[in-house]
Amino acid sequence: MSFWRGKKVLVTGGAGFIGSHLCEALLARGAEVTIFTRYSSRGVAGAVDDMPKTTRAALRIIMGDLKDPAGVDGAVASQEVVFHLAAHIGIPYSYVHPLDVMQTNAIGTAHVLEACRRHSVSKLVAFSTSEVYGSAIYAPIDEAHPLQPQSPYAASKVAADALALSYWRSFGTPVALCRPFNTFGPRQPARAVLPTIIAQALSRDRISLGALTPTRDFLFVVDTVEGAIRVAESPDTLGEVVNLGTGIEITIGEAAAAILRVIGRDLPIETDEMRIRPEKSEVVRLIADARKGERLLGWRPTTSFEHGIAATVDWVRRHPGFLVQGSYHV
């Protein structure tokens, strides 16, 4: 707790799903938290608007764009710790606009790294993604697993990760990579598979999904946040990549069945061709080896998939306007 008290912390992407939970946890530990989020004329939407009012009031919010180096530099100035989460994260979107995704995720990360180097931050925790591993060559997947991006999004994150580690090796910039597997929980938008299933299960008479057989390692957001905070606190993570996952793989079909059990409905599950990824782009198996995180940080997940789903469904029921399930969007 004392590590964070009074510490100035910047969270890029802090208005997003994981970022909003991270901001709450940091505020609870006594940090002074600033969010850097993409400008919108509608103001700060999404996860920040669903935070408690007292939490929102404690946050400083800067609007800008990762592709603007001056804006990023201004946000980083005077900060002690930076968590870099901001990114284009939609894999289907990366099929449609791959250059936009690369510019935001790779070049944007370069701007964050330069600003952190210029202003001598004490720690930069850059968020990676398990998508960089592609389909498992061996399982569970440890941090030494080859990187084999299967989408433009994954490729942009490989580039961002490599750049971040190069700044540690070249300039001594205090960088660590946090690589969570498939995080889920309250405030996650319907773009992701689990909230898509929840939204459909609560409002429709059937579930429409893409492929049902790929497996994922689903990690509850509270555990992701705890792992990221420990990555920031530990001096042993400098220049390191740390997986955050459960070591349990669940197929998309099994996840849908679990959600239906929690909600108490028995619905047919159908395949929607629009949701099928290109064959060579579909990651068919993801399962984490998170022993490095346990060894370096004493971290291990504490929330089961079933308890996480129950908590998420409960939150969605209490916020009926958050997930609006209509046609499929990238």
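**Stop 1: H7 against H9**

H7 passes H9 in a right-handed crossing. This is a predicted model. Select H7 together with helix H9, residues 252-263. Their axes lie 10 Å apart, and the packing angle is about 40°. H7 and H9 are therefore oblique to each other, since oblique covers angles that are not under 35 degrees, over 145 or from 65 to 115.

Now show side chains. On the H7 side, pick Val193, Leu194, Ile197, Ile198, Ala201 and Leu202. They meet Ile252, Ala255, Ala256, Ile259, Leu260 and Ile263 of H9. Colour this contact by class: 12 residues are nonpolar, with no polar and no charged ones.

**Stop 2: H7 against H11**

Keep H7, residues 193-203, and add helix H11, residues 305-318. Here the axes come within 11 Å and cross at roughly 55°. That angle makes H7 oblique to H11. The crossing of H7 and H11 is right-handed.

Which H7 residues meet H11? Select Leu194, Ile198 and Leu202. Their partners in H11 are Phe305, Ile309, Thr312, Val313, Val316 and Arg317. By class, this contact of H7 with H11 holds 7 nonpolar residues, 1 polar and 1 charged.

Leu194, Ile198 and Leu202 deserve a label: they are listed in the contact with H9, and also in the contact with H11.

**Stop 3: H3 against H5**

Clear the selection. Take helix H3, residues 69-76, and helix H5, residues 98-119. The two axes come within 9 Å. They cross at roughly 45°, which means that H3 is oblique to H5. The crossing of H3 and H5 is right-handed.

Show Pro69, Val72, Asp73 and Val76 in H3. They meet His111, Val112, Ala115, Cys116, Arg118 and His119 in H5. How do the residues of this contact of H3 with H5 divide by class? There are 6 nonpolar, 2 polar and 2 charged.

**Stop 4: Ser120**

Next, select Ser120, in the loop between H5 and E5. Check its backbone. Ser120 is not a glycine, yet its phi is positive, at about 55°.

**Stop 5: Pro140**

Move to the loop between strand E5 (123-127) and helix H6 (152-171), where Pro140 sits. Is the peptide bond between Ala139 and Pro140 cis or trans? It is cis, with omega about 0°.

**Stop 6: the second largest pocket**

Stay on Pro140, because the pocket definition counts residues with an atom within 4 Å of a point as lining, and Pro140 is among the lining residues of the second largest pocket. Add Gly245, Thr246 and Gly247 to the selection. Then add Ala288, Asp289, Ala290, Arg291 and Glu294. Finish the lining with Trp299, Arg300 and Pro301.

How much space lies in this second largest pocket? The volume is about 160 Å³. Colour the lining by class for a last view: 5 residues are nonpolar, 3 polar and 4 charged.

Methods:
Residues are numbered from 1 along each chain as its sequence is written. This is a predicted model: local features need pLDDT of at least 70, side-chain atom pairs count only at pLDDT 80 or more; totals for chains, interfaces and linings use all residues. Side-chain values use heavy atoms; hydrogens and water are left out. Axes are lines fitted to C-alpha atoms, for helices over the stretch in contact, and angles run from 0 to 180 degrees between N-to-C directions. Helices (H or I, at least four residues) and strands (E, at least two) are DSSP runs, numbered from the N terminus. A crossing is left-handed if the near helix is turned anticlockwise from the far one by less than a right angle, and right-handed if clockwise. Contact means heavy atoms within 4.5 Å. Ala, Val, Leu, Ile, Met, Phe, Trp, Tyr, Cys and Pro count as nonpolar, Asp, Glu, Lys and Arg as charged, and the others, Gly among them, as polar. On a 1 Å grid over the protein atoms alone, a cavity is a set of points where a 1.4 Å probe fits but cannot get out, and a pocket is an open set with protein on both sides within 12 Å along at least five of seven lines; lining residues have an atom within 4 Å of a point. Grid points are joined across faces, edges and corners, and a volume is the space filled by probe spheres set on the points.
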